[in-house]
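Student: I am new to this structure and would like a close look at a single part of it. Could you pick out the sheets and walk me through how they are put together, then show me how they fit into the whole?

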Amino acid sequence: MLAVRDTRDRVAFGRLFDHFAPRLKAVVLRSGSAEGQAEEIVQEVMLTVWRKAAQFDPERAQVSSWIYQIARNRQIDVVRKENRPVPEELGYEAEAEPDASRVIAVEEESGKLRAALGALTPEQRSVIEKAYFGEMTHQDIRDDTGLPLGTIKSRIRLGLERLRHELKGLRDE
Amino acid sequence: MTQIVHHVPERLLVAYAAGTLPQAFSLVVAAHVSMCDQCRAALEAHHAVGGALLEDEPKSDLSERLKADLMSRLDDAVPDEPVYRREGPFPAPVVAAMQGRGPRWTKLGGGVKQSILSADATGSVRLLSIPGGQAVPDHTHGGLELTLVLQGAFADETGRFGAGDLEVANDDLEHKPIAEAGPDCICLAATDAPLRFRALVPRLLQPLFRI
Ligand SMILES: [Zn+2]
Ligand SMILES: [Zn+2]
């Protein structure tokens, strides 16, 4: 991803496509898009990844989180034909030389998060997937169908501490 | 900025991250996150969960031309998207919802003003401006109501809400918010159903004002 961001490396982008595009399509199909529209959305997502690569910051997020976020936005933009409201940008420039220890911290955290997800029962896992892949209806959300968030919460909490620290730094500048 | 004490509930933040919240509620969540580092960090943590699930997802087959099509589009001109910034009490997503033009207030009586940003079958979102010390009429909710304070403060039966605070009201809450003395209290309020006022007169006025 950094090769895509920093040197506009098309071969590296092709590898990113090979890894994420088939998974993205699977996710987009789950939330109800038809075959043709799903591929249109995948293409839009990957094009956005290419165009907004400069905004990717490995000190804050894994590539997969960043792409997940773009995918959810683009799918809504395409399906609802309206722009989804997004939070204000914090107005920072990602650094050319990311701090290696912070990048490693993000990776470690993400590994632990995946392990925590892997430890869920199949039922819990299925509810979590539904919630994060947009398969829940508005009514489900209002009824609060009991997301088993508790099990992954300790992992999220650790990430929160680090992110809060990072954001504080950005605000103070 | 004063300390924010009322945040976005976890399930709403997950729904926002996943894109399942109706547009009106999404705007309120995006506005709160713009004002609140704690919820911004929480949102990014939810993106990490989404990303981890994405990594584990089995691959679907792509049509043969998809990759080549995409690679040929990399040099296409990038369409210009307007960039909105915070203006006064209004965070960027609210400015974007007004297309940068600022609120168009209509009077509701008693110095209370509103500016409807959008209203459709899935819900409505509007700005409300209440003079300091003034009350909003008694009402119950036919659905879910999210109210984000952008300026000033109000208090009701459930507590005090200052700038950045988010109140989540459900069907069963009947409340009477009163703006704190001081500058006008400006709120961003979204519902998925029309509000029902207790007193007869405001109810008759409802279709007129769409509140
Ligand atoms: Zn918050
Ligand atoms: Zn209310």
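Tutor: Here is a walk through the sheets of chain B, followed by the setting around them. Please keep in mind that this is a predicted model.

Let's begin with the sheet of six strands. It is an open sheet in chain B, and its order is β1-β2-β3-β11-β5-β8, with antiparallel pairing. At its edges are β1 (106-109) and β8 of chain B, each of which pairs on one side only. From one strand to the next, the twist averages 25 degrees. As general background, strands of a sheet pair through backbone hydrogen bonds, and the pairing can be parallel or antiparallel.

A good place to stop is strand β5 of chain B, which covers residues 145-151. Why can we call β5(B) largely enclosed by the rest of the structure? Six of its seven residues are buried, so the rest of the structure largely encloses this strand. The cut-off behind that word is simple: a residue is buried if 20 or more other C-beta atoms lie within 10 Å of its own.

Now look at the partners of β5(B). Strand β8 of chain B, residues 166-169, is joined to β5(B) by four bridges, and the two run antiparallel. Strand β11 of chain B, residues 185-191, is joined to β5(B) by six bridges, again in an antiparallel arrangement. Leu148(B) makes a handy landmark here. Opposite Leu148(B) stands Leu166(B) in β8(B), and Leu148(B) also stands opposite Leu188(B) in β11(B).

From β11(B) we can step on to another neighbour. Strand β3 of chain B, residues 123-130, runs antiparallel to β11(B), and seven bridges join them. One residue pair to find is Leu128(B) with its bridge partner in β11(B), Cys187(B). With that, you have followed part of the order of the sheet, β3-β11-β5-β8.

Chain B also has an open sheet of three strands, with the order β7-β6-β10 and antiparallel pairing. Its edge strands are β7 (159-161) and β10 (178-179) of chain B, and each pairs on one side only. Strand β6 of chain B, residues 154-156, is linked to β7(B) by three bridges, and these strands run antiparallel. To locate this pairing, find Asp156(B), which stands opposite Gly159(B) in β7(B).

Next comes the setting. Chain A gives a contrast to these sheets: its secondary structure comes to eight helices and zero strands. Of the 173 residues in chain A, 35% are buried. Chain A is divided into domain 1 (1-95) and domain 2 (99-173). Eleven residues from domain 1 of chain A and twelve residues from domain 2 of chain A take part in the contact.

Finally, how many residues does each chain give to the contact between chain B and chain A? Chain B gives 52 residues and chain A gives 58 residues. On the chain B side, the elements that give two or more residues are α1 (10-18), α2 (23-35), α3 (37-56), α4 (66-73) and α5 (92-97). Of these, α3(B) gives the most, with 16 residues. By class, the side of chain B that touches chain A has 29 nonpolar, eleven polar and twelve charged residues.

Note on methods:
Residues are numbered from 1 along each chain as its sequence is written. Chains are lettered from A and ligands numbered from 1 in the order in which they are written. This is a predicted model: local features need pLDDT of at least 70, side-chain atom pairs count only at pLDDT 80 or more; totals for chains, interfaces and linings use all residues. Domain bounds come from an automatic or database domain assignment. Two residues are in contact if their C-beta atoms, placed from the backbone, lie within 7 Å. Two strands pair if DSSP finds at least two bridges between them. A residue is buried if 20 or more other C-beta atoms lie within 10 Å of its own, exposed if 12 or fewer, and partly exposed in between; C-beta atoms are placed from the backbone. Ala, Val, Leu, Ile, Met, Phe, Trp, Tyr, Cys and Pro count as nonpolar, Asp, Glu, Lys and Arg as charged, and the others, Gly among them, as polar. Axes are lines fitted to C-alpha atoms, for helices over the stretch in contact, and angles run from 0 to 180 degrees between N-to-C directions.
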